[in-house]
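Please open the model in your viewer and keep the selection panel at hand, since each stop on this tour begins with something to select.

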Amino acid sequence: MLVAPNAYDYLVIGSGIIGVTIASELRRRHGARVLVIDKESGVGKHASGRNSGVLHAGVYYKPNTLKARLCVEGNRRMKDYCRAKGIPMNEHGKVIVARSEADLPILQELYQRTQTNGATSTLLDPGALKEIEPCAKTVSQALYVKDTAVINPERVMESLTNDAVNEGVEFRLNCPWVEPADACKARTSQGTVAYGHLVNCAGLFADRVAHAYGVGAHYRILPFRGQFYRLRRESQVNVRGNIYPVPDLRNPFLGVHFTRRPDGEVTVGPSALPLLGREQYEGWGGVTVGDSLAMVRFLGRLWKRNKDHFRSIAWTELQNLSLTGFFRKAQGLAKGLVEEDLVAGKSPGIRAQLVNTRTAELLSDFVVEAGPRSTHVLNAVSPAFTSSMPFAEYVVDLMRCE
Ligand SMILES: Cc1cc2nc3c(=O)[nH]c(=O)nc-3n(C[C@H](O)[C@H](O)[C@H](O)COP(=O)(O)OP(=O)(O)OC[C@H]3O[C@@H](n4cnc5c(N)ncnc54)[C@H](O)[C@@H]3O)c2cc1C
């Protein structure tokens, strides 16, 4: 155990849900001195505070992947946690609807995956669907997933952070990691910190941090912005839980959907627009010349190779830039929706999607890589919020403190 001032057994970069849950797990398991640093003035200011808040149930993921393994347990544990802490949830579940006959084989595949992953789902005919979601549209069949729930991610982040502080984890905010210093030291804006082991949970910047430690040279984060609308209060469309489309399983995103939050507001979204800047929440904000040039080059390569049907993702998402394009997607899911029902929604979130630059592939499973006295969480994409508790245990199991 390190005892000198500004020396910690573990230095965690990033106070999103992944950094906070890993820090708590390290403290609980090893009684270690753990410091979490974040460049922002508060915790969870990026993906962890800006997501849809859906606690996924384990429907989509290929069997034997980390997502399949960790999501079902994560859903159960996060719901237990919210109940124990009195954090409100909408537990009305979710329906996945077919927009054409072509969706039906995929619906069957999702049903199979749910069973294999240990989650629960039921195939519904339109009559049974109406009982659960009166306004949902479907063709022949829909899938009902009762374990899906919705929380306010900011409430969960606040609660987990309070727990971590009470357990003895230290936080230093407004404190960006800058670069590696001497062996087992990191330079931050608030001085040099010595550590026994560094844990990189830097989300949109996780590749950059990893590269500085000689890890994951063939990985790069590609940011995708998720824009939300919401249903105006006067809308005739009644959404009780979640209405999702059958997704294109070749793409990493689930498509525009309806989600009723615990406060009653119904969000519609998110889109998934590839960006030139890692934190390009609005206009050209967060865009830097060096990063953007690299992003343009890389998007060009993806476009050319058309891997993972990148062209179809990009084309679909470009249509979502207009309200009318977005409305068309949402209209396919809910009866009675009119364009005026969609009004500006909550602030957007940006997905830190990992790409393998050798193969031009968008990676779908979680990726964690080990480096010298360091561990790098490189693809904590959805459903990492849902899976965060068992995911933190998995990452800590992988760590070897030399
Ligand atoms: C639009 C959208 C919708 C989503 N919906 C869902 C959903 O419904 N359900 C679900 O389970 N998941 C969902 N997700 C995914 C989920 O939000 C993420 O998987 C999860 O929040 C990732 O957490 P994280 O801690 O890895 O990243 P983040 O929350 O982004 O945290 C990374 C942290 O690192 C900090 N950081 C970066 N660089 C530095 C540096 N140099 N020095 C110090 N700190 C640094 C950042 O400030 C940030 O606080 C969604 C994501 C998005 C964007």
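Select the ligand together with D38 in this predicted model, where an oxygen atom of the ligand is 2.6 Å from an N or O atom in the side chain of D38. Add S52 and V54 next: a polar backbone atom of S52 is 3.3 Å from a nitrogen atom of the ligand, and a backbone N or O atom of V54 lies 2.8 Å from a nitrogen atom of the ligand. If you then widen the selection to the whole surroundings, you will find 35 residues around the ligand, with D38, S48, V54, A380 and T386 as the closest.

Select F391 next. Beyond its neighbours within four places in sequence, F391 is in contact with I18, L70, F366, V368 and V377. F391 also belongs to the largest nonpolar core, which has 40 residues, and together with I22 and V156 it touches the most other members. To see where this core comes from, colour β1 (7–13), α1 (17–30), β2 (34–37), α2 (66–85), α5 (153–167) and α10 (384–398), the elements that give two or more residues to it. Which of these elements gives the most to this core? It is α10, with eight residues. A second core, separate from this one, can be selected through V237, V239, V256 and F258, which are among its 25 residues.

Turn now to the open sheet, whose eight strands follow the order β5-β6-β4-β14-β15-β16-β13-β18 with mixed pairing. Select its two ends: β5 (122–124) and β18 (342–344) stand at the edges, and each has a single partner strand, so one side of each is left without a neighbour in the sheet. As you rotate the view, note that neighbouring strands of this sheet are turned by 30° against each other on average, direction ignored.

Within this sheet, select β4 (residues 94–97) and β6 (residues 142–145), which pair in the antiparallel sense over four bridges; one place to look is I96, whose bridge partner in β6 is L143. Adding helix α3 (residues 104–117) shows how it packs on the sheet, touching β4, β5 and β6, with its direction at about 25° to that of β6.

For the last stop, select β9 (residues 177–180) and β10 (residues 185–188), antiparallel strands joined by three bridges. W177 has T188 as its bridge partner in β10. The two strands, β9 and β10, form a hairpin with four residues between them, and in the turn C184 has a positive phi of about 55°.

Terms used: Residues numbered from 1 in each chain as written. Predicted model: local features only at pLDDT ≥ 70, side-chain atom pairs only at ≥ 80, totals over all residues. Heavy atoms only, no water. Pairing = 2+ DSSP bridges. Axes fitted to C-alpha atoms, helices over the stretch in contact; angles between N-to-C directions. Contact = heavy atoms within 4.5 Å. Core = buried A, V, L, I, M, F, W, Y, C linked by side-chain atoms within 4.5 Å. Buried < 20%, exposed > 50% of the residue type's maximum accessible area, 1.4 Å probe, protein only. Near = heavy atom within 4 Å. Polar contact = N/O pair within 3.5 Å; in protein donor to acceptor, adjacent residues only side chain to side chain.
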